[in-house]
Amino acid sequence: MNTKSATTLELPKILERLTRFCAFSASVELALDLTPTPYLDEAQDRQQETTEARLLINTHDHITIGGARDVRGDVLSAARGLALEPQTLLDIRATLRQATTLRRLLSRLNNQFPRLAEIAERLEECTALQGEISRVLDDTGAVQDSASPKLATVRREMRIAFDRLQGKLYNIIHNPNNGPYLQEQLITQRHGRYVIPLRAEFKGRIQGIVHDQSSSGATLFIEPLATVELNNAWRELQLEEENEVRRILRELCDMVGREGPYIIRTVETLALLDLAFAKAKYADALNATAPALVGFRDAPFPHPGSTIRLYSARHPLLDPKKVVPIDVDLDDETYALVITGPNTGGKTVALKTVGLLALMAQCGLHLPVAEGSSLTVFAEVFADIGDEQSIEQSLSTFSSHMTNIIEILDVADEHSLAILDELGAGTDPAEGAALARALLDDLVGRGVTTLVTTHHPELKVYSHEKAGVHNASMEFNLETLAPTYRLIVGLPGRSNALAIAERLGLPRSIIDRARSMVTDEDLATDDLLDAIHQKRKEIEHTQNGLRQSFQAAEELRAELRGRLAYIEDERRTMLADARQQAEAELEELRAEIRRTRKQLMAAGQPLDAIRQVESQASGLRNALPEMAQPAAASLPGEEEDRSFRLGDLVWVETLNTEGQIMELSGDEAEVMVGRLRLRAKLDELLPRSRGESKRDQKATRRKKLAAALPVSDPVMTRTASPGLELDLRGQTVEDALPSMENYLDAAYMAGLPFVRIIHGKGTGALRTAIRDALRGHPLVKKYERGDEKEGGDGVTVVSLVPSN
């Protein structure tokens, strides 16, 4: 990729901002060295890494590179036989620990994050080295007594020797006979030996070796002869301890040196993962989206088959609160765009935005664009932007542009993107226009995807007539005499010089004289462009009104649909209540008939009358109000709207649960339900409003269960009990959750007040998934861990809502 063009388009500034999100120096180096790839599959893999990293960070916010350090230099030093500081060894252990955590986590989540898991496979845990560092060093970097048996013995003897030495010195300074000779009763150190302070005038009163004296000379620090041997013994043990510690650390460093290649590979892999995390964090900061990267499609020569569709594109280095988004959408027949418009109108920014976003996409960065944006992966991106005149090289603006363009023409082909600012500027207008047209003709003829800006009006006509080339312009507001920075593809920019001069107050006579010097054809063209721009504004205004009206109609339709659903639920509830009440009264009548029958039989009376009453009572059952099928909660003449978008809340009919759409592909969607991802057909999903509460969801669930009962009996029919226990041990989360859902439905239908779900303790993953699924479940009143007799944390006791 052309580094000069990348610098012109300000890619290094983007990479510098990316480094602010890196966790350690190794990933900072990778970020600064990041270059756009010319290969489609590699660019798509990079985009996938960023997408997965964003999802991982958003769903597992505790995931970081943590305490990882760039220890590659230290490891190479250890391999060359150099000793490492204990703190450096702890840094190596922290780096390996973080690698272990990430490798194991991403291995478990391989199905959800395949690209990141593939990278994490290269991480080396070096568990033996981690264990050895932990055995030898504590968290402060001190060598532990347990590092070797000899060190433990030496330190134990040191403590004994130290206690003896301190005890002897304590007796000396607290001996009443020595009190008058001492400056004060304390024990201190000089040159690694323990001494006591003796007044200088009493030198010799306590026999010993003078090691130091105070600055005033009034105090001598002496080592009493009685403690010399004790001091010697303690000091010898100190030296022995230091030698043993050095030996232990040297062996540990040798082990680091042997594991060096694995540690270096681990650091480099951690840097790759951290770079993906940095891209994800930068994307969140930009509020960016993942573009669709595509290859060159088949197209008639000389069209290269390139694609540039950027919607609401923002330059990432500009203030997002002030920058005006632009749409750059080249249709299937267009691969060259000529942008015209006034100075300071935003033409150069528009060019830089497209070029920079193309480079960012091929670096694997998400772009500050709207959903649906797509770009071709170009083999090269060339840019000639700005005034690069050089006094030292005797180059004018025109010469500088020509030098860059000549270099571009030498290597540009049908797989390149060329971005040229102010084509043909810096020289005679007539010659510049001719040269600009010839250059553009050459690029278009060679099938180079090209974006140019120009002030030459001749190129407007050229762009209109030339196949594959399209006009575009930067909008200018004549009322405010200021650019709007909006890019309009399809219309050339109009000349605003006379209109601006008139608005600024230039005398009318001069304006008229200037207008008379302009050809009638140019004036007619200008007026025509003015009329087209005006008509375009009117159409936009009408479209905005229609869009608002459509949105209001959609909101009203959703409200009416909700009302219809509510009315239908109320109707069914009233029918069910009426039928239940009638059933109760009919049952009382039957009981009374049975009692009367018994009395008549006991009295020996005829039963003809009671039989007639029984027959009439049986007929009453058929007269009870029927529970009609629910009416569709939709407006007359309206079909159910099943168009979905990413992020929509939906109701999964097959599972009777709610989820969020994470991915759409054809007639299927990937739905996040709790912590699970599942694929479902679009016709199995129902739109769900974010305003619907958990209570509404529970009520809906209960009503669906009630509606599933036979029409002949509105009171819930008890089914066979599935048992009070469900054993899920040994099952995966994906298998266990559907089993639990079916079991809860059966237990609820059987009228069980509570059940026990056995999931075991293990790693806790199954327990966590089960309890997350129980939280907010419409059939669950509450749940709690089992007591110790029931299995403790290996069992969850679930209380069900009453089934009546």
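Helices (H or I, at least four residues) and strands (E, at least two) are DSSP runs, numbered from the N terminus. Arginine 486, for example, sits in strand 14 (residues 482-489). What you're looking at is a predicted model, where local features need pLDDT of at least 70, side-chain atom pairs count only at pLDDT 80 or more, and totals for chains, interfaces and linings use all residues. Residues are numbered from 1 along each chain as its sequence is written, and side-chain values use heavy atoms, with hydrogens and water left out.

**The whole chain**

- The chain has 22 helices and 23 strands.
- Of its 804 residues, 42% count as buried; buried means under 20% relative accessible area, exposed means over 50%, and partly exposed is in between (1.4 Å probe, protein chains only).
- About 42500 Å² of the chain is exposed, and carbon and sulfur atoms supply 52% of that. Such areas come from the Shrake-Rupley method with a 1.4 Å probe, and for residues only the protein chains shown count as cover.
- Take the contacts (heavy atoms within 4.5 Å) with a separation of 6 or more: 67% of them come from residues 24 or more positions apart.

**Salt bridges**

- The whole structure holds 37 salt bridges, each one a side-chain nitrogen of Lys or Arg within 4 Å of a carboxyl oxygen of Asp or Glu.
- Glutamate 124 and arginine 265 make one of them, at 2.1 Å from N to O. Glutamate 124 is in the loop between helix 7 (114-120) and helix 8 (127-136) while arginine 265 is in helix 11, so this pair ties together parts 141 residues apart in sequence.
- Both ends of that bridge are partly exposed: glutamate 124 has a relative accessible area of 23%, and arginine 265 has 37%.
- Aspartate 212 meets arginine 190 in another salt bridge (3.2 Å, N to O). This one links strand 3, home of aspartate 212, to strand 1, home of arginine 190, with the two positions 22 residues apart.
- Aspartate 212 is partly exposed because its relative accessibility is 29%, and arginine 190 gets that label at 23%.
- Arginine 557 and glutamate 554 also pair up, with their closest N and O atoms 2.9 Å apart. Both lie in helix 18, three residues apart, which is about one turn of the helix.
- Asp667, Glu668, Glu670, Arg679 and Lys681 join up in a network of salt bridges.

**Aromatic rings**

- Rings of Phe, Tyr and Trp (its six-membered ring) pair if their centres lie within 6.5 Å; planes under 30 degrees apart count as stacked, over 60 as edge-to-face and the rest as tilted. By this rule there are six aromatic pairs.
- Phenylalanine 162 and tyrosine 194 are an edge-to-face pair, 5.6 Å centre to centre with 65° between the planes. Phenylalanine 162 is in helix 9 (residues 149-173) and tyrosine 194 in strand 2 (residues 193-199), so to speak distant parts of the chain, 32 residues apart.
- Is phenylalanine 162 buried or partly exposed? At 28% relative accessibility, phenylalanine 162 is partly exposed, whereas tyrosine 194 is buried at 14%.
- Tyrosine 181 and phenylalanine 202 have ring centres 5.2 Å apart and planes at 55°, so their pair is tilted.
- Phe162, Tyr194 and Trp234 form one aromatic cluster.
- Arginine 190 turns up again here, lying over the face of phenylalanine 221 at 4.1 Å from the ring centre. The rule for a charge over a ring is NZ of Lys or CZ of Arg within 6 Å of the ring centre and within 35 degrees of the ring normal.

**Backbone oddities**

- Most residues other than glycine have a negative phi, and most peptide bonds are trans.
- The peptide bond from phenylalanine 301 to proline 302 is cis, with omega near 5°; proline 302 is in the loop between strand 5 (292-294) and strand 6 (308-313).
- Asparagine 287 isn't a glycine, yet its phi is positive at about 55°. Asparagine 287 is exposed, with 59% relative accessibility.
- Serine 312, in strand 6, is another non-glycine residue with a positive phi, near 50°.

**Helix 22**

- Leu766, Ala769, Ile770, Arg771 and Leu774 are the buried residues of helix 22 (residues 765-774).
- These buried residues pack against helix 21 (733-749), strand 21 (754-758), strand 22 (780-785) and strand 23 (795-800).
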